[in-house]
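Here is my note on the model you sent over, set out as numbered points. I hope it helps while you have the coordinates open.

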Amino acid sequence: MMNVSIIGGGVAGTSTALKLAEWVDPKNIILVEKKPHFKKACSGILTYAKDNLIKIPDDVIVSKITKFKIISPSNKILEVNFKRPDVVCEREKLNEHLTNKCSEKGIIVLQPATLQEVRASSILVNNQEIPTTHLVGADGFQSTVAKLTGLNTNKKYFVGAKAIIKKEHDDAIEVYPNYGCFAWAVPHGDGFMEVGTMSYPEQGAVFDKFMKRFDGCKIMDKSGALIPVHNPFVKTYKKHGNIKVYLAGDAAGMVKATTGGSIIQSFIASQCLADSIVFNKNYSWRKKLGLDLALHLITRKFLDRLNEQDWDDLVTFLNNANSKKILETESRDNLKYLLPKLVLKNPRVLKYLFRGVVGSSHTHRIF
Ligand SMILES: Cc1cc2nc3c(=O)[nH]c(=O)nc-3n(C[C@H](O)[C@H](O)[C@H](O)COP(=O)(O)OP(=O)(O)OC[C@H]3O[C@@H](n4cnc5c(N)ncnc54)[C@H](O)[C@@H]3O)c2cc1C
């Protein structure tokens with residue numbers, strides 16, 4: 001008999017549980033989450049790529065984004081309208097929705113409950129032994145499952161920090177490329193914005209520097225979290241005693257190194273994982289995500305090497321109808337389509353790609 005234990009009740013864990021329940025008796029699926037109420041520092045931005053993966057209830061969506069602006073160091077602006085809007089989800093509500101769906105389906109949700117040990121044919125959760133044939137580590141960066149089963153190879157990370165502030169907006173995502181890896185200001189319902197930064201640990205107080213732009217705005221909430229740097233060679237499956245062990249989501253580093261986003265990637269991986277468990281196939285998430293995640297990693301390397309003048313130049317020469325059309329229509333989740341089109345229409349982008357290969361980083365090296 002199959003007994004699946006999923007550790008971590010974030011998007012990766014809940015979506016894997018739901019996908020599995022399409023084939024496996026839900027009573028044989030256990031979802032274990034250590035926090036009494038899910039809480040995660042996350043902006044909850046999803047591109048339209050979500051439409052083929054999940055139906056998000058209206059009350060989970062706080063804003064719809066109709067355009068984005070890249071604001072260069074000298075305040076030059078590249079403004080692009082989205083053909084299909086991004087949405088901003090209330091992250092805790094999205095998780096509540098997914099967890100409730102798990103309970104409705106009959107999946108056993110243990111919360112709050114913490115994984116303590118992985119044995120040969122069982123796991124120990126809150127001092128209770130749970131027979132397990134398949135164990136899913138969807139327990140985030142620094143995964144306990146990975147540590148207890150010897151799978152962990154992912155050590156590099158970005159620092160993510162964000163705050164909700166009281167500020168009017170025009171339904172646009174604003175991107176500031178010259179704070180750490182980048183900074184953002186995103187609509188978060190009427191009269192509120194979420195502002196945040198992603199940076200390398202050694203870049204210091206990037207978030208505090210960015211917050212100075214919003215001096216005088218009331219801060220409603222502040223939080224932060226570590227974001228794994230994707231490692232294309234990370235091991236995400238092994239046999240531990242009689243248990244088949246898999247990693248998914250942040251635990252497996254399935255994160256876009258350009259933006260730190262990974263919700264859509266977690267949804268996609270959950271389908272591959274359920275497929276692997278139910279039909280006893282290889283865990284082939286790399287077929288679906290590997291190329292794009294590698295492209296995001298390489299793009300991050302290029303972006304890290306652009307200096308302030310480069311960003312001013314880039315924003316200026318991408319400010320043409322052809323480039324904007326590509327940026328408007330292609331999802332950022334699919335760099336394998338977006339990048340070649342952008343280079344074909346703007347061969348000058350190659351100059352920056354070349355610098356990415358031979359130049360030296362002004363920030364940090366991730367390879
Ligand atoms: C500032 C910031 C902004 C972001 N914005 C976006 C965005 O706009 N769009 C996007 O797509 N992504 C975004 N991300 C990334 C996204 O939030 C995460 O990558 C995504 O939530 C990963 O989901 P996960 O389920 O893999 O892990 P997590 O959400 O980290 O969930 C793991 C869960 O496992 C639980 N757990 C850990 N150990 C144990 C244990 N031993 N026993 C039981 N439970 C355990 C934890 O409590 C946690 O709830 C952002 C990240 C940050 C830091």
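**Notes on the model**

1. Let me begin with one proline: Pro-26 sits in the loop that links H1 to strand S2 (29-32). Please keep in mind that this is a predicted model. Pro-26 counts as partly exposed, because 19 C-beta neighbours fall inside 10 Å and a buried residue would need 20 or more. Setting aside neighbours within four places in sequence, the contacts of Pro-26 are Ala-21, Lys-105, Gly-106 and Ile-107. If you want a long distance to look at, the C-alpha atoms of Pro-26 and Lys-76 are separated by 53 Å, with these positions 50 residues apart along the chain.

2. Next comes the helix that precedes this loop. How many residues of H1 are buried? The count is 10 of its 10 residues, so H1 is mostly covered. The buried set runs from Val-11, Ala-12, Gly-13, Thr-14 and Ser-15 to Thr-16, Ala-17, Leu-18, Lys-19 and Leu-20. Note that a lysine, Lys-19, is among them. The cover over these buried residues includes strand S1 (4-7), S2, H2, S10 and helix H5 (263-279).

3. One of those covering elements deserves its own point. Two packed helices are described by the angle between their axes and the distance between the axes. For helix H1 (residues 11-20) and helix H2 (residues 91-105), the axes come within 9 Å and cross at roughly 30°. Angles under 35 degrees count as roughly parallel, and H1 and H2 are therefore roughly parallel to each other. The crossing in which H1 passes H2 is left-handed.

4. Which residues make this helix pair meet? From H1 come Val-11, Thr-14, Ser-15, Ala-17 and Leu-18, and from H2 come Asn-95, Leu-98, Thr-99, Lys-101, Cys-102 and Lys-105. The residues of this contact between H1 and H2 divide into 5 nonpolar, 4 polar and 2 charged. Lys-105 of H2 also turns up in the contacts of Pro-26, which ties this point back to the loop in point 1.

5. A few backbone details are worth a check in your viewer. The peptide bond from Gln-111 to Pro-112 is cis, and its omega is near -5°. Pro-112 belongs to the loop between strand S6 (108-110) and strand S7 (115-118).

6. Two residues that are not glycine have a positive phi. Asn-127 has a phi of about 65° and lies in the loop between strand S8 (122-125) and strand S9 (128-131). Is Asn-127 buried or exposed? Asn-127 is exposed, because 8 other C-beta atoms lie within 10 Å and the limit for exposed is 12 or fewer. Gln-142 also has a positive phi of about 65°, in the loop between strand S10 (134-137) and helix H3 (144-149). Gln-142 counts as partly exposed, with 15 C-beta neighbours inside 10 Å.

7. Finally, the whole chain. The chain has 10 helices and 17 strands. Its C-alpha atoms fill a box of roughly 60 × 45 × 35 Å along the principal axes. A compact globule of 367 residues would have a radius of gyration near 21 Å, and the chain agrees, with 21 Å. Buried residues make up 41% of the 367. Among contacts between residues at least 6 apart in sequence, 73% join residues at least 24 apart.

Key:
Residues numbered from 1 in each chain as written. Predicted model: local features only at pLDDT ≥ 70, side-chain atom pairs only at ≥ 80, totals over all residues. Axes fitted to C-alpha atoms, helices over the stretch in contact; angles between N-to-C directions. Helix = DSSP H or I, 4+ residues; strand = E, 2+ residues; numbered from the N terminus. Parallel < 35°, antiparallel > 145°, perpendicular 65-115°, else oblique. Left-handed = near helix turned anticlockwise from the far one by under 90°. Contact = placed C-beta atoms within 7 Å. Nonpolar A, V, L, I, M, F, W, Y, C, P; charged D, E, K, R; others polar. Rg over C-alpha atoms; globule rule 2.2 N^0.38 Å.
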